[in-house]
Amino acid sequence: MARYSFLLALAAIAACTIPSAAPPGDTTPPTGAVLINNDDSYTVSTSVTLALSAADDDAAGVTQMRVSNTADFAGAGWQSFAASLTWTLTDGDGPKIVYAAFRDAAGNPSEVSSDSIALDTTLPGPPDPPDLAEEDDTGLDNSDNVTRQTSGLTFSGTVDEPGVTAVHLYDTTRGWQASVDLDPLDLGAWSLELSLEEGTYALYVKTKDIVGLSPSSWPPLALVVDTTPPAAPSLLKPALGENTGANKRPVFAWMGLAEAGSYELQVDDSADFSSPEHHWTNLSGTSYTPGSDLAASASVPVGTRYYLRMRAVDAAGDASRFGFSVATAGDVDHDGYGDLLIGAYYWSGAAGKAYLYRGGPSMDTLADLALYGAGTLAGYFGYSAASAGDVNGDGYADMVVGAYGENGSNGRAYLFRGGAALDATSDLTMSATAYFGFSVAWLDAAPRRRPT
């Protein structure tokens with residue numbers, strides 16, 4: 001009986017020895033580290049995997065560890081060391097920290113190590129709509145999102161919540177257009193560049209985080225990429241060859257164009273417009289009266305001949321070619337209404353064309369007849385145009401169109417006779433030398449009585 005009690009006492013003494021294999025005199029603490037989800041920055045789940053590593057200077061090694069979501073390890077007891085552990089983070093989106101400490105066989109505790117991760121279980125909110133950079137917003141207004149630029153278009157916006165890893169730009173009908181990657185820890189501005197073809201766009205963005213894509217920004221950015229110049233406007237007043245007399249501030253009037261945002265008018269005493277005497281820009285409406293006198297020569301012949309040209313500029317900043325000649329065509333079809341003849345000398349590589357618009361109560365903007373010259377490249381058919389009166393006395397007004405660049409720059413002028421049935425074939429071609437056809441005019445509308 002006494003022997004049995006002695007054995008029990010030995011067993012009790014052995015159970016109280018910590019650790020049983022601890023070497024004498026070991027006072028060096030171990031080292032260790034913890035990584036959450038292989039050191040990821042973000043997680044969408046509160047359940048994560050911890051990778052635990054530890055080292056000790058003694059062969060007995062690290063035997064215990066404790067892990068906690070708080071730095072004071074409240075409620076966290078020591079447990080056997082394991083290299084991997086499934087762990088549950090505290091609820092609620094935001095940054096999370098996991099703390100770990102280790103103990104070796106001699107009972108020496110390590111320094112506390114930690115790792116952090118952001119918990120994100122919700123999609124980002126809808127971002128602000130994208131904005132087109134002012135310098136890329138060409139045209140009359142740099143904030144109307146109408147541009148003629150097709151490449152290097154810069155769009156920007158802001159990110160106001162953490163965790164966003166990318167911004168995706170879409171068009172409502174064309175889908176994905178471009179994206180930019182972001183640092184999920186950064187907040188603030190983003191920008192991206194892309195090229196777009198001519199057309200109308202409705203652009204919106206979505207932000208992306210580890211959970212997925214946000215709702216789209218709304219309303220979308222309405223963008224117009226317009227690379228097509230408007231048509232060339234035509235001057236109506238002063239008429240070709242008109243003498244304004246003593247009026248040095250004549251009213252300039254032109255045919256308005258729906259696609260034009262503004263107009264430019266040039267006045268020069270030289271037909272080459274190398275250095276215009278006047279260049280008025282940003283004109284609106286369909287007429288303009290100068291604020292100062294046009295210069296007029298006081299020497300014989302008194303007065304100054306001026307050449308006029310104008311062009312249209314659309315909202316994107318595209319400018320048409322300068323339009324030149326416009327004149328009354330008389331009443332070419334004898335219906336009681338005057339008709340209009342407009343030259344387009346730069347049509348088709350400067351071959352040129354002229355358009356006839358018939359007058360009437362329901363006159364529209366569609367040409368009723370297109371007239372052509374010889375089709376010579378740079379013939380400038382239509383540079384000048386005018387009514388020829390009724391040259392053959394048949395009761396119908398006739399038309400004359402100049403093409404000073406044809407015939408080796410000797411020039412031509414074409415006569416088109418009016419009639420009940422009009423066609424685009426000239427009835428008479430005239431030519432000479434030295435830019436013949438540079439100007440044409442109707443010299444007299446009414447026949448004169450022969451002197452007796």
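## A walk through two sheets and a pocket

Sorted by character, the residues that line the second largest pocket come to 16 nonpolar, six polar and one charged. Keep in mind as we go that this is a predicted model. The pocket itself holds about 520 Å³ of space. Its lining has 23 residues, and those nearest the centre are Ala231, Ala232, Ser234, Ala344 and Tyr355. Two elements give two or more residues to this lining, namely strand 24 (339-344) and strand 25 (353-357). Strand 24 gives the most, with three residues.

Let us follow the chain back from strand 24 for a moment. The loop between strand 23 (326-330) and strand 24 holds His334. This histidine has a phi near 55°, a positive value in a residue other than glycine. Is His334 buried or exposed? Its relative accessibility is 53%, so His334 counts as exposed.

A second residue makes a good companion to that one. Asn145 also has a positive phi, near 60°, and is not a glycine. Asn145 sits in the loop between strand 9 (131-132) and strand 10. Here the relative accessible area is 14%, and because buried means under 20%, Asn145 is buried.

Strand 10 brings us to an open sheet. Five strands make it up, in the order 10-16-15-12-13, with mixed pairing. Strand 10 (146-147) and strand 13 (175-181) are at the edges with a single partner strand each, which means that one side of each has no neighbour in the sheet. Where strand 10 meets strand 16 (residues 221-225), the two run parallel and are joined by two bridges. You can find Thr147 opposite Val225 of strand 16 there.

Now look at the loop between strand 15 (199-208) and strand 16, where Pro219 lies. The peptide bond joining Trp218 to Pro219 is cis, with omega about 0°. Another cis peptide bond links Lys237 and Pro238, with an omega of about -10°. Pro238 belongs to the loop between strand 17 and strand 18.

Those two strands lead into another open sheet. It has three strands in the order 17-18-21, and the pairing is antiparallel. At its edges stand strand 17 (235-237) and strand 21 (287-288), each with a single partner strand, so each has one side without a neighbour in the sheet. Strand 18 (residues 252-254) pairs with strand 21 in the antiparallel sense over two bridges. To see this pairing in the model, look for Ala253, which stands opposite Ser287 in strand 21.

Notes: Residues numbered from 1 in each chain as written. Predicted model: local features only at pLDDT ≥ 70, side-chain atom pairs only at ≥ 80, totals over all residues. Heavy atoms only, no water. Pairing = 2+ DSSP bridges. Helix = DSSP H or I, 4+ residues; strand = E, 2+ residues; numbered from the N terminus. 1 Å grid on protein atoms, 1.4 Å probe; cavity = no way out; pocket = protein on both sides within 12 Å on 5 of 7 lines; lining within 4 Å. Points joined across faces, edges and corners; volume = space filled by probe spheres on them. Nonpolar A, V, L, I, M, F, W, Y, C, P; charged D, E, K, R; others polar. Buried < 20%, exposed > 50% of the residue type's maximum accessible area, 1.4 Å probe, protein only.
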